[in-house]
Structure formats: structure tokens, C-alpha cells
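Student: I keep seeing labels like "buried" and "core" in structure notes, and I'd like to know where they come from. Can we go through one protein together?

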Amino acid sequence: MKKWIFLFCTGWINAFTLPAADSWDLRQCIGYALEHNRDLKIQQWNVESQQTRLVEAYTAFLPSLSAQSGVNFSFGRSVDPETNTYGTVSNQNNSYSASLSVPLFTGGNLIHQFKLTRLQLAQGKSQTEARRDNMVLNLMELYIQASYYQELASYTESKLDESRIQVKKVHRLKELGLKSKTDVALIEAQYAADDYNHAHTLHLLDNALLALKKEMAYPVTEELHIASADWHVTVPLVPSEPFQDEIAHTYRVAEARLPEMRQSRLAVDASLYGKRQALSRFFPDISFSAGMSSSYFRTLGKADFIPYARQLRNNWGQYLSFNISFPLFNRLGNAMNYKRSKIAYRSAQEEYAQRQDELWADVQQAILDRESLRKEYLHMEQKVKADSIAYAVIARKFDEGMAAPLDLRTASNTLLSSRATLLQCKLNHLLKCRLVSYYQGEPLY
């Protein structure tokens, strides 16, 4: 099954060839959208921000080192440090210090914060991949829709040309007395209806191209021509393996590889570390500190004072300290935070289980739709052949005066409707095949 889908989708992708220099195929549209989509750019910047947070969480394990220096001038009544008496003098006081602090134990808070930040970075990357894949899938659908209306416009144009020929022919037959005014009026009415259908189809094509431009972030004021596709891609007559086996296999692959599922699993792991981080706040914090300091003092205007270097040596001091902090009571803040983290963890588990159920339904629906469209296409292919023969027979009878204009109009509209339905079935089948292949692990682009 995988081999058949790969070959089929490869043929579909290659079917969008570039017939002219100003036409865009599917790969070009995807490449342009990936380069210019602003949502993807914003998400990429968010990932960059998460990377800086990961570096910050890593450096939290390192010691913090700080140094301070200050100078102070005092005027008026102050204490003389040499005599410890008050006097009206002006003093200069310099201070210097440096300190080192190392976290020894935080209840695992730093470790959990690091792991949580790393998971959040992985979540951001998975979210970027999910947005990119969803954008590409949506772009494929819009491209298929535009291609459908482009091909349908060629059908309606061909039918309009046939109606124009019929109008000229029926006018000539009327001049020869072989057709009545009623026949001429009915054929002209058919021509007017075909003209309207062609104009309406062109309008729908313009709307489809506009939606494609918006998804690509393409300038809406500029023209976009998509490449005409080769629709002679073979649709398989029978499936290559049972539905249920393919559904189960596709689900297992999709559940393990889809970025949306990976993002949901990472959300569960992140909420677990968030709960552990909240639990770590119940444990004491232990840290080690070390420092050194010195100072210099001088009474301004006084000639005899201790030299600067000697004062720095005399006032030099060091300290070592171990600090421990116990969280005794903070108005149940830690307890409520831990309870909220448990709720978030259980909620993430339920969301992941819900996403699994949704994925199973999506995979099953995509495979069933693909097979249903395959069968519809095969039936419509036979119907188009039959309607083509019926239209050719009635058109010949009409020329010979053996069929009414209403019969010709009915046969023509039936053939156009059958061809449009056949085209829609084939394009939708191609899209579903691409979606199933994506679920089975094949890249979208």
C-alpha cells in the first residue's frame, strides 16, 4: 500500500508541470508560501525566544559573582572613625566588595525548570512544524480548488464554443426552412445560459486564485497563473490492502510522527515537570556564599591620614556562609500552586487522549473518503463515456431534424455536469491520497 501511494502521489505532484515561464506549479506555490508566510516567521521568532530561555535555565546552575564599589562624601556633623566622636568635618569614604553565591540545593527546582524549558523549546519547534504542515495542506486544497475551476472554465468555454456553432448552424437551417423560430430561440437561450455559466466559472476561478494568494502571502494586486495540470493520472481500480489493516497502520505511524501529536505529548511531559517544580517549593533552599571587602576613609582638609594602600590592607575582610531557607507558611501559596499544577497535568493527559481519538477518526475518515472517491471516479468515468456518446447521437439527430432543441440542451448540460463531477472526484481523490500519505509519514513537500 505504501509503495502504491508513494508512486501515485509522486505522479500527481509531477503532473503539475510548468508549461510557461509565468505559471506557478504546486511546488513553487508551497515554496513561496513557506518563505513569505508571516505566521511561520512569528513562530520561528518564538522558537528563538525559547532557545534564549533554555540558555538562561542552563546558566542558573552556575555561581553568581558580583562586585561593588562606592565612594561617599559627607559634610557637616559626622562620626570620626578614628576617635569615634562627633565633629564638623568633611569626610571621604570608599568601599569595595565582591561576593560569590552558589545554589547547593533547591529541592530540584532548577533541574525541573531546565527540563521544563527544554520541553517548551521542543513544543515550540513541533508547533512550528504543525503550522507549516497545516499551511501546506490548506495550500494544496486551495491549489486543487483553483485547478478545478481553471479546468472547469475550459469545459464551459468549449461548451460555449459549441453553442456558438449551434446558433450559427440553426440560423442557417432556419434560412433553409429546416428549423423554426422556436428552435432558434431555444438554441439562443442555451447559448446565453452557457455564456453565463462560463462567466460565473471565471468568477469562481478568480475567487479561488484570490484565496490561494492570501494563503501564499502573495501580493493580491499581482496576477497569479497556475500551471495547467495533466489530468491523465491513473486511478487504481481496487485497493491494495484491507481498510482496517491500513487504518490501524496509518494511525500508529501518524500518532508517532505527526507534529501535532508530538506537541500534545510534550505538553503532558511539560505539565509533569511543572508539577514537580511546584512540589520542589516545599523543600528548603541551601546555598553557599563567599565574599571579600575593604574600605578607605579620609577626612578632607586633614594632612595626616593613613595611606590608601595601608587602609585597604588593614580593612581587608573575607567571609564564608552557608544559608538555608525553610518555607514555613506563605498563606497556602505553595499548596495552591501545586494543586493547580496537578490539575494542569491531568488536563494535559485528557487533551492528549482526546487528540488520539480525533486522530483515529481523522485517519479513518481520510481513508474511507479516498476509497469512496476512487469508486465514485470509476463510476463517473463510465458515465462520462455514456453521456458523451448520448450527446453525440442527439446532436447528430438534431442536425438531421430528428431531435428537439430541448433534448440537445439536456444532453449537453448532462455531459458538462458529468465531466465536472468526474474532475471533482479525481481532484478530491488526489487530495485525500496526499493526506493519507502524510499520515503514513511521507513529507508534504
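Tutor: Sure, and let's start with a cut-off: a residue is called exposed when its relative accessible area is over 50%, buried when it is under 20%, and partly exposed in between. Keep in mind that this is a predicted model.

Student: Okay, then why is A67 called exposed?

Tutor: Its relative accessibility is 67%. The label needs a value over 50%, so A67 counts as exposed. You'll find A67 in strand 2, residues 64–80.

Student: What does A67 touch, leaving aside its neighbours within four places in sequence?

Tutor: A67 is in contact with S97 and A98. A67 and L100 are 33 residues apart in sequence, and their C-alpha atoms are 9.0 Å apart in space.

Student: What makes S97 buried, exposed or partly exposed?

Tutor: S97 has 29% relative accessibility. Buried would need under 20% and exposed over 50%, so S97 counts as partly exposed. S97 sits in strand 3, residues 85–105. Skipping residues up to four places away in sequence, S97 touches S66, A67, Q68, M292 and S293. S97 and G317 are 220 residues apart in sequence, yet 9.2 Å apart in space, C-alpha to C-alpha.

Student: Why is S264 called buried?

Tutor: For S264 the relative accessibility is 13%. Buried means under 20%, so S264 counts as buried. This residue lies in helix 7, and among residues further than four places away in sequence S264 touches E351, Y352 and R355. Across the protein, 39% of the 445 residues count as buried.

Student: How do you know that K385 is partly exposed?

Tutor: K385, in helix 9, has a relative accessible area of 48%. Exposed starts over 50%, so K385 is partly exposed. K385 and E175 are 210 residues apart in sequence and 35 Å apart in space, C-alpha to C-alpha.

Student: And what makes R281 partly exposed?

Tutor: R281 comes out at 36% relative accessibility. The middle label runs between 20% and 50%, so partly exposed is right for R281. R281 is in the loop between helix 7 and strand 5 (285–299). Its contacts, not counting residues up to four places away in sequence, are P327, N334 and N337. The C-alpha atoms of R281 and G108 are separated by 8.8 Å, with their positions 173 residues apart along the chain.

Student: What makes the phi of A217 worth a look?

Tutor: Most residues other than glycine have a negative phi. A217 is not a glycine, and its phi is positive, about 60 degrees. A217 is found in the loop between helix 5 (181–216) and strand 4 (225–226). With a relative accessible area of 32%, A217 is partly exposed. L332 also has a positive phi, near 65 degrees, without being a glycine; L332 is in the loop between strand 6 (317–325) and helix 9 (333–399).

Student: What makes a set of residues a nonpolar core?

Tutor: The residues must be buried, be of a listed type such as Leu, Met or Tyr, and be joined through side-chain atoms within 4.5 Å. The largest one here has 54 residues, and L212, M216, L359 and Y439 have the most contacts inside it. Helix 4 gives the most to this core, with 13 residues. Y439 touches several residues beyond four places in sequence, including T250, V253, L359 and A366. A second, separate core has 11 residues, among them V170, Y391, F398 and L408.

Student: How do you know that the whole protein isn't a compact globule?

Tutor: Look at the radius of gyration: a compact globule of 445 residues would have one near 22 Å, but this protein has 39 Å. The C-alpha trace spans about 140 × 55 × 40 Å along its principal axes. The chain has 10 helices and 6 strands. Of the contacts with a separation of 6 or more, 82% come from residues 24 or more positions apart.

Notes. Residues numbered from 1 in each chain as written. Predicted model: local features only at pLDDT ≥ 70, side-chain atom pairs only at ≥ 80, totals over all residues. Heavy atoms only, no water. Helix = DSSP H or I, 4+ residues; strand = E, 2+ residues; numbered from the N terminus. Rg over C-alpha atoms; globule rule 2.2 N^0.38 Å. Buried < 20%, exposed > 50% of the residue type's maximum accessible area, 1.4 Å probe, protein only. Contact = heavy atoms within 4.5 Å.
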